[in-house]
Amino acid sequence: MRSLGRVGAIALVAALLVLLVVHIATAQRGAAIAAAVAAGKRPAAPDFELRRVDGAGSVKLSSLQGRVVVLNFWASWCRACKDEARTLEAAAGRWHRRGVVFVGIDSQDFTSDARAFARRFGLTYTSVHDGSGSEMTRYGVTGLPETWTVSRDGRLVDHVAGVVDRSRLDGAIERARRG
């Protein structure tokens, strides 16, 4: 009986080590993506499929290919996210007629809190829920908010760590529209 307990404990420790190694490798790939964009390269945006905060299905990034997409990682508890919410909503309204899609990615948060945040700030663009933060890791997000701009061909063309302003956001969208 004792040896069975030891084998179980060893198996548990081994499984935890494997999970740690996978997490570290994913985080390093995410950091490399941010570094590549900062260097002017255009890496492919990691695809995802996440449930909508309002519960009406899910959104798959690759299904939006052919359109410029603005991805904004946020959480209801994030002070800076509150500071930029109106800027993003205004931009989504300005760019909607030109086919630009905004997707808010609520991370490490409760869906009910995300819904309340969206109502409070009048967010009309799509928000999805990344409760565990796994997509944050894949994108190399180190803090909230962070905003990524994706070109029509699914390439990352801009990254802002922290609050994004209108000028930077509009410039990134224009670059993404040009290809």
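1. The side chain of E49 forms a polar contact with the side chain of S58 at 2.9 Å; a polar contact is a pair of N or O atoms within 3.5 Å, where, within protein, one must be able to donate a hydrogen and the other to accept it, and residues adjacent in sequence count only if both atoms are side-chain atoms. This is a predicted model, in which local features need pLDDT of at least 70 and side-chain atom pairs count only at pLDDT 80 or more, while totals for chains, interfaces and linings use all residues. Residues are numbered from 1 along each chain as its sequence is written, and side-chain values use heavy atoms, with hydrogens and water left out.

2. E49 belongs to strand β1, residues 49–51. Beyond its neighbours within four places in sequence, E49 is in contact (heavy atoms within 4.5 Å) with S58, V59 and K60. The C-alpha atoms of E49 and K60 are 4.1 Å apart, although 11 residues separate the two along the chain. E49 is exposed, with a relative accessible area of 51%; exposed means over 50%, buried under 20%, and partly exposed in between (1.4 Å probe, protein chains only).

3. E146, in strand β6 (residues 146–150), is buried and has no salt bridge, that is, no side-chain nitrogen of Lys or Arg within 4 Å of a carboxyl oxygen of Asp or Glu. The nearest side chain of opposite charge, R168, is 10 Å away. The count of charges takes Lys and Arg as positive and Asp and Glu as negative, leaving out His and the chain ends.

4. Polar partners of E146 are nevertheless present. Its side chain makes a polar contact with the side chain of H159 at 2.6 Å, and a polar atom of the E146 side chain lies 2.9 Å from the backbone nitrogen of T142. Contacts of E146 outside four places in sequence include L71, F73, G140 and V160.

5. The largest nonpolar core (buried Ala, Val, Leu, Ile, Met, Phe, Trp, Tyr and Cys residues joined through side-chain atoms within 4.5 Å) has 49 residues, of which L71, F102, Y139 and W148 touch the most other members. Helix α2, residues 79–96, supplies the largest share of this core, 6 residues.

6. A caution concerns confidence. Mean pLDDT, the predictor's confidence in each residue from 0 to 100, is 88 for the protein, and 83% of the residues reach 70 or more. Over residues 13–28, however, pLDDT stays under 50. Where pLDDT is low, the predicted coordinates should not be read in detail.

Technical notes
Helix = DSSP H or I, 4+ residues; strand = E, 2+ residues; numbered from the N terminus.
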